[in-house]
Amino acid sequence: MDRTSRPRSRRFPALVAAAAAAALMVTGCSSDSGGKKAEESADNAAAGKADTPRMKVALITHAAPGDTFWDLIRKGAEAAADKDNVDLLYSNSPDAAKQANLVQNAIDQKVDGIAITLAKPDAMKAAVAKAKKAGIPVVGLNGGIDDWKEQGLLEYFGQDESVAGEAFGEKLNELGAKNAVCVIHEQGHVALEARCAGVKKTFEGKTTNLYVNGTNMPAVKSTITAKLKQDSSVDYVVTLGAPFALTAAQSVGDAKSKAKVATFDLNKDMVKAIEDGDVDFAVDQQPYLQGYLSVDALWLYKTNGNFSGGGQEPVLTGPAFVDKENVADIAKFAAKGTR
């Protein structure tokens, strides 16, 4: 896809910031001056382990039970925690009020930093303010790209969902699609709504949003199947998560539809589905990287006062298209459970 016309003002500085953070990650472990201590720090850095004082970080997400997408975020966070000598406390709830309570729990435990998703930013505002008042640095990831600065978070790591949706719509144009159904599995989730809005903005065909209950996969399957039976002109089912794409592929078969399935997000099963031709393509936002960078960022801030993007630009981890042409390059990492 020709991306020369894509807006670059938000993406380029953010990617530069990510590169800068990676460089600082190496120097942060070996910046002590003088003799043996510097040599020991350099040795530790080379071994990939920090010798900085133990710190405690809470990662609090809106993950729903059974959604494997979040396993990748957690694995990335755990890898960074292991490297940075961090005690990682992971918790999650798809209920915004309960997620806010989890933030309060982290504050009560006097953590050194909090990484949080802002899927429903208004519901999280008071909890974030309490963390800041307690002197705890907070970074955002995955959801809340339009709200993280307003709420005073240090940094944000994730995908610009509007940009991703627009790129998805352009991809559908290239493929000659005419009628797409965009399946939203959590109503009111700002990132999911932004994805479908982005698709609709650039897609030259017809776009219809279809709301399903993402915590009830049999219901998801039956709702998509009913839609495809009702409208035989649908030629693409767009889902917003890998598990839902796999279910949509079953719905296509049940409805005897000719529609193709394409999705946002990737996992091991999705890689195989693309290889087998059951799913046309996926947009990868690299959740492992989001988890890793979020924890590593809090370590960098604690040990060296760094924050990527200067508090002004997000660090973007996507979008990247995965299809039959490049899926083999991704498969070896997906097999390890990190893509």
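In which helix do Glu-78 and Arg-74 both lie, and how many residues apart are they? Keep that in mind as you look through these close-ups of a predicted model.

**View 1. A salt bridge within helix 3 joins Glu-78 and Arg-74.** Here is the reply to the opening question: both residues lie in helix 3, which covers residues 69–84, and they are four residues apart, about one turn of the helix. Their side chains meet in a salt bridge, with 3.3 Å from N to O. Side chains of opposite charge can pair when their charged atoms come close. Glu-78 is partly exposed, with a relative accessible area of 37%. Arg-74 is partly exposed too, at 36% relative accessibility. This is one of 14 salt bridges that a search of the whole structure finds.

**View 2. Glu-150 and Lys-125 form a salt bridge that links distant parts of the chain.** The N to O distance between these side chains is 3.8 Å. Glu-150 comes from the loop between strand 4 and strand 5, while Lys-125 belongs to helix 5 (residues 121–133), and 25 residues separate the two in sequence. Is Glu-150 buried or exposed? With a relative accessibility of 59%, Glu-150 counts as exposed, because exposed means over 50%. Lys-125, at 38%, is partly exposed.

**View 3. Asp-265 and Arg-195 meet in a salt bridge, and both are buried.** Their charged side chains come to 3.4 Å, N to O. The pair links distant parts of the chain, 70 residues apart: Arg-195 sits in helix 7 (residues 190–202), and Asp-265 sits in the loop between strand 9 and helix 10. Helix 10 itself spans 268–276. Asp-265 has a relative accessibility of 6%, so it counts as buried, the limit being under 20%. Take a look at the backbone of Asp-265 as well: its phi is near 80°, a positive value in a residue other than glycine.

**View 4. Salt bridges that share partners join Lys-83, Asp-84 and Asp-296 into one network.** Follow Lys-83 a little further and you meet an aromatic ring. Lys-83 lies over the face of Trp-299, at 4.8 Å from the ring centre.

**View 5. Trp-148 and Tyr-156 make a stacked aromatic pair.** The structure holds six aromatic pairs. Why is the pair of Trp-148 and Tyr-156 called stacked? The planes of the two rings are at 25°, and planes under 30 degrees apart count as stacked, so the label fits. The ring centres are 6.4 Å apart, and the limit for a pair is within 6.5 Å. Trp-148 is buried, with a relative accessible area of 1%, and the value for Tyr-156, also buried, is 1%.

**View 6. Phe-168 and Phe-264 stack and tie together parts that are 96 residues apart in sequence.** The two rings are 4.6 Å apart, centre to centre, with 15° between the planes. Phe-168 lies in helix 6 (residues 161–174), whereas Phe-264 lies in strand 9 (residues 260–264). Phe-168 is buried, with a relative accessible area of 0%. Phe-264 is likewise buried, at 0%. Phe-168 and Phe-264, together with Phe-281 and Phe-321, form one aromatic cluster. Now look at Phe-281: the charged end of Lys-171 sits over this ring, 5.7 Å from its centre.

**View 7. Ser-93 is buried in the loop between strand 2 and helix 4.** Strand 2 covers 86–92 and helix 4 covers 96–108. The relative accessible area of Ser-93 is 9%. Which atom does the side chain of Ser-93 reach at 3.2 Å? The backbone nitrogen of Asp-95 is the one. Not counting residues up to four places away in sequence, Ser-93 touches Thr-61, His-62, Ala-63, Lys-98, Gln-99 and Leu-102.

**View 8. Two loops show backbone details at Asn-142 and Pro-319.** Asn-142 is found in the loop between strand 4 (138–141) and strand 5 (156–158). Its phi is near 70°, a positive value in a residue other than glycine. Asn-142 is buried, with a relative accessible area of 5%. Pro-319 lies in the loop between strand 11 (315–316) and strand 12 (320–322). The peptide bond that leads from Gly-318 to Pro-319 is cis, with omega near 10°.

Note on methods:
Residues are numbered from 1 along each chain as its sequence is written. Side-chain values use heavy atoms; hydrogens and water are left out. Rings of Phe, Tyr and Trp (its six-membered ring) pair if their centres lie within 6.5 Å; planes under 30 degrees apart count as stacked, over 60 as edge-to-face and the rest as tilted. Buried means under 20% relative accessible area, exposed over 50%, partly exposed in between (1.4 Å probe, protein chains only). A charge sits over a ring if NZ of Lys or CZ of Arg is within 6 Å of the ring centre and within 35 degrees of the ring normal. A polar contact is a pair of N or O atoms within 3.5 Å; within protein, one must be able to donate a hydrogen and the other to accept it, and residues adjacent in sequence count only if both atoms are side-chain atoms. Contact means heavy atoms within 4.5 Å. A salt bridge is a side-chain nitrogen of Lys or Arg within 4 Å of a carboxyl oxygen of Asp or Glu.
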